[in-house]
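Colleague: Could you walk me through this model? I have a few questions ready.

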Amino acid sequence: MKKWIVIPLVFLLFLVFSCNRTPKQNTLRIGYTDFSFDQAIVFVLKGILDQQPNLIVELYRVPETTLFSALAEGELDIGLSGWLPHTHQSFLDMHPYEIRVHSMITDSLGLYMVVPEYANLNSINDLRDLSNLFRNTILIPENQNAIYPLGSNVITDYGLDDYNLQEASWDNIISYVDDSVRNNLNFAFISIRPHHSFRRFNLRTLDDPRRSLGVYEQAFLLTNSNFHERMPLIADFLSQVRFTLNDVEQLMEMNQVLGSEPYENALRWINQNTRMINRWLLGD
């Protein structure tokens with residue numbers, strides 16, 4: 001049987017990034033938005049790269065529009081994140097030469113119709129004629145102008161006329177789901193994924209054959225055009241980084257704990273996933 005050899009991260013980073021040149025201190029500037037997905041990932045990257053000798057990793061939390069302009073102007077080296085092929089394509093089109101799409105870090109991101117696992121349904125089609133079991137309600141996050149029209153499409157496309165599309169805050173959605181699970185009741189809500197609720201509850205996402213909720217996207221690391229030449233070894237390492245939806249949702253759940261620090265959570269997650277991170281570092 002093949003045995004895993006877990007190499008301590010600090011030592012491995014020294015082997016991967018060290019070279020014979022005279023050590024030179026460099027600064028790596030990473031920007032990220034206030035989206036919890038970007039926050040979950042950026043602190044893992046910092047936790048790993050902080051172990052490299054002679055590298056200072058600086059994080060900048062910036063608005064979405066600022067992220068792209070700062071990358072284009074060279075004020076940031078790396079940006080998290082670009083969702084493609086739709087969400088952020090227009091931002092990239094404004095900077096076709098200044099910003100590079102570096103590597104995919106997560107896929108299958110997007111909107112999902114969500115029900116409890118015990119509902120034992122497979123497709124949004126299966127919700128038809130079951131409205132009484134679902135209290136005639138499909139919840140949808142409030143104040144999400146881009147999501148509500150897609151929810152309306154679901155009602156129309158799948159003939160769910162007996163359902164009411166009801167906006168609610170995420171706190172109220174979580175409370176509704178929690179109460180439903182405790183009482184073994186059915187529920188349905190539309191959620192972006194990744195989301196920490198998928199770690200808290202045993203949820204099932206339904207197939208959307210009509211693509212009423214849109215196509216699924218991939219999240220990419222973005223860099224300014226000079227980054228690859230300035231830090232080629234780090235660029236190579238970042239090309240190996242891949243998170244599953246479950247990975248990101250675990251980090252997001254950890255960050256939901258009141259008073260917790262995202263960086264400390266990232267370090268804990270790194271220590272729990274050393275084998276995977278070693279594969280990133282070794283390029284396997």
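Colleague: Which residue's backbone oxygen lies 2.7 Å from a polar atom of the side chain of R204?

Modeller: Happy to help! First, this is a predicted model, where local features need pLDDT of at least 70 and side-chain atom pairs count only at pLDDT 80 or more, while totals for chains, interfaces and linings use all residues. Residues are numbered from 1 along each chain as its sequence is written, and side-chain values use heavy atoms, leaving out hydrogens and water. R204 lies in strand β8 (residues 203-206), and the backbone oxygen 2.7 Å from a polar atom of its side chain belongs to L121.

Colleague: Is R204 buried or exposed?

Modeller: Buried means under 20% relative accessible area, exposed over 50%, and partly exposed in between (1.4 Å probe, protein chains only). R204 has 16% relative accessibility, so this residue counts as buried.

Colleague: Which helix gives the largest share of the largest nonpolar core?

Modeller: Such a core is a set of buried Ala, Val, Leu, Ile, Met, Phe, Trp, Tyr and Cys residues joined through side-chain atoms within 4.5 Å. The largest one has 53 residues, and L28, L80, L238, F243, W269 and W280 touch the most other members. Its largest share, nine residues, comes from a helix (a DSSP run of H or I, at least four residues, numbered from the N terminus), namely α2 (residues 36-49).

Colleague: How many residues does the other core have?

Modeller: That core lies apart from the largest one. Among its members are L127, Y158, I190 and L213, and its size is 21 residues.

Conventions: Helix = DSSP H or I, 4+ residues; strand = E, 2+ residues; numbered from the N terminus. Polar contact = N/O pair within 3.5 Å; in protein donor to acceptor, adjacent residues only side chain to side chain.
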